[in-house]
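Q: I am new to this structure and should be grateful for a close look at a single part of it. Please treat the salt bridges as the main subject, and then place them among their surroundings.

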Amino acid sequence: MNIIKCKDIDDYAKTAAQIVTDRINSKPDIVLGLPTGSTPVPLYKELSSLYNQGKVDFSRVTTYNLDEYIGLDRSSEQSYYNFMHTNLFKHINVKAENINIPNNDPNGLEMECLEYETAIKESGGIDLQVLGIGHNGHIGFNEPGTPFDSTTHIIELSEETIAANARFFDTPAMVPKKAISMGIRTIMLSKEILLLAYGKDKAEILKRALTGDITTDVPASVLKLHPNLTIVVDEEASSLL
Ligand code: GLP
């Protein structure tokens, strides 16, 4: 486990983006696993800027997003489909056919879970999985209690996660209660993991995840078992490490 402590948010964005860019430049047909949330936004801005400067080329990159809400149309402003296009995909040259985001069509969810797993395997597996961390230690939408051997599945979001996500919606009632997410096993099978966190509200959960017991009560604690884990954090998030 390699922890990189950055002095501020700018340093955090540049450090994370440099790692992703280096991996793409050494393997142009890399398979990336990507998160949503506020955590990767500075990374996505920096990657868009590096692309504009000609320092990275996404034309052969394949992406798999970690998760998607159930109960929101893809065209909805708060869907992760929309989030990814707004924050990253429309700014870079990734091919539309190489972008994978779990399909949340309510009629085919069970099949989508199986097909998402198969597609990842057929792509050769995820080379670099970028992750954020929820306040309760969730990764993707794998809430506390999710088995470590889980694959892509449908999950009921915890009250804490629904409350945390309410800031993005007009009313709390509009926040989706379910999601489709890569499982913990799916994430752990990635060849490399880059865990990102910034801000003081992530300090406590990072401490629990990285220095406490490995337990399904804190899903991110499983990451300590991964042989190739890098953590990029700012000073505030790393203040208790
Ligand atoms: C959501 C996402 C996670 C993300 C988490 C943290 O629940 N499904 O992948 O890591 O939020 O969000 P934020 O980065 O906004 O703190």
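Is lysine 14 buried, partly exposed or exposed, and what is its relative accessibility?

A: The model discussed here is a predicted one. In it, lysine 14 has a relative accessibility of 42% and counts as partly exposed, because that class covers values between the limit of under 20% for buried and the limit of over 50% for exposed.

The partner of lysine 14 is aspartate 10: the two form a salt bridge in which the closest N and O atoms are 3.3 Å apart. Aspartate 10 is likewise partly exposed, at 44% relative accessibility. Both residues belong to helix 1, which spans residues 9–26. Because they are four residues apart in that helix, about one helical turn separates them. In general, side chains of opposite charge can pair when their charged atoms come close. The count for the model comes to four salt bridges, taking a side-chain nitrogen of Lys or Arg within 4 Å of a carboxyl oxygen of Asp or Glu.

Two further salt bridges involve aspartate 127. In one of them, the side chain of aspartate 127 meets that of lysine 27, with 3.1 Å from N to O. This pair links distant parts of the chain, 100 residues apart. Lysine 27 lies in the loop between helix 1 and strand 2 (31–34), while aspartate 127 lies in the loop between helix 4 (109–122) and strand 6. Lysine 27 is partly exposed at 34% relative accessibility, whereas aspartate 127 is buried, with a relative accessible area of 11%.

The other salt bridge of aspartate 127 is formed with lysine 191, the closest N and O atoms being 3.2 Å apart. Here too, distant parts of the chain are linked, the two residues being 64 residues apart. Lysine 191 is found in the loop between helix 6 (184–188) and strand 9 (192–197). With a relative accessibility of 42%, lysine 191 counts as partly exposed. Through the shared partner, Lys27, Asp127 and Lys191 are joined into one network of salt bridges.

The surroundings may now be considered, beginning with strand 6 (128–131) and the loop that joins it to strand 7 (153–156). Threonine 152 is located in this loop and is buried, its relative accessible area being 6%. The side chain of threonine 152 makes a polar contact of 2.6 Å with the side chain of glutamate 117. Threonine 151 occupies a place in the loop between strand 6 and strand 7 as well, but is partly exposed, with a relative accessible area of 34%. From threonine 151 to glycine 134, the distance is 19 Å from C-alpha to C-alpha, with their positions 17 residues apart in sequence.

Charged residues also appear in a surface patch. Asp8, Asp201, Glu235 and Glu236 form a negative patch, and residues in such patches have no salt bridge. Glutamate 236 is placed in the segment after strand 10 (229–234) and is partly exposed, with a relative accessible area of 40%.

A nonpolar surface patch is made by Met1, Ile3 and Leu241, with an area of about 240 Å². Methionine 1 sits in the segment before strand 1 (2–6) and is exposed, with a relative accessible area of 55%.

Methods
Residues numbered from 1 in each chain as written. Predicted model: local features only at pLDDT ≥ 70, side-chain atom pairs only at ≥ 80, totals over all residues. Heavy atoms only, no water. Patch = residues over 30% accessible without salt bridge, like charges linked within 9 Å, V, L, I, M, F, W, Y side chains within 5 Å. Areas by Shrake-Rupley, 256 points an atom, 1.4 Å probe, with all protein chains shown as cover. Lys, Arg positive; Asp, Glu negative; His and termini not counted. Charge placed at Lys NZ, Arg CZ, Asp CG, Glu CD. Buried < 20%, exposed > 50% of the residue type's maximum accessible area, 1.4 Å probe, protein only. Polar contact = N/O pair within 3.5 Å; in protein donor to acceptor, adjacent residues only side chain to side chain.
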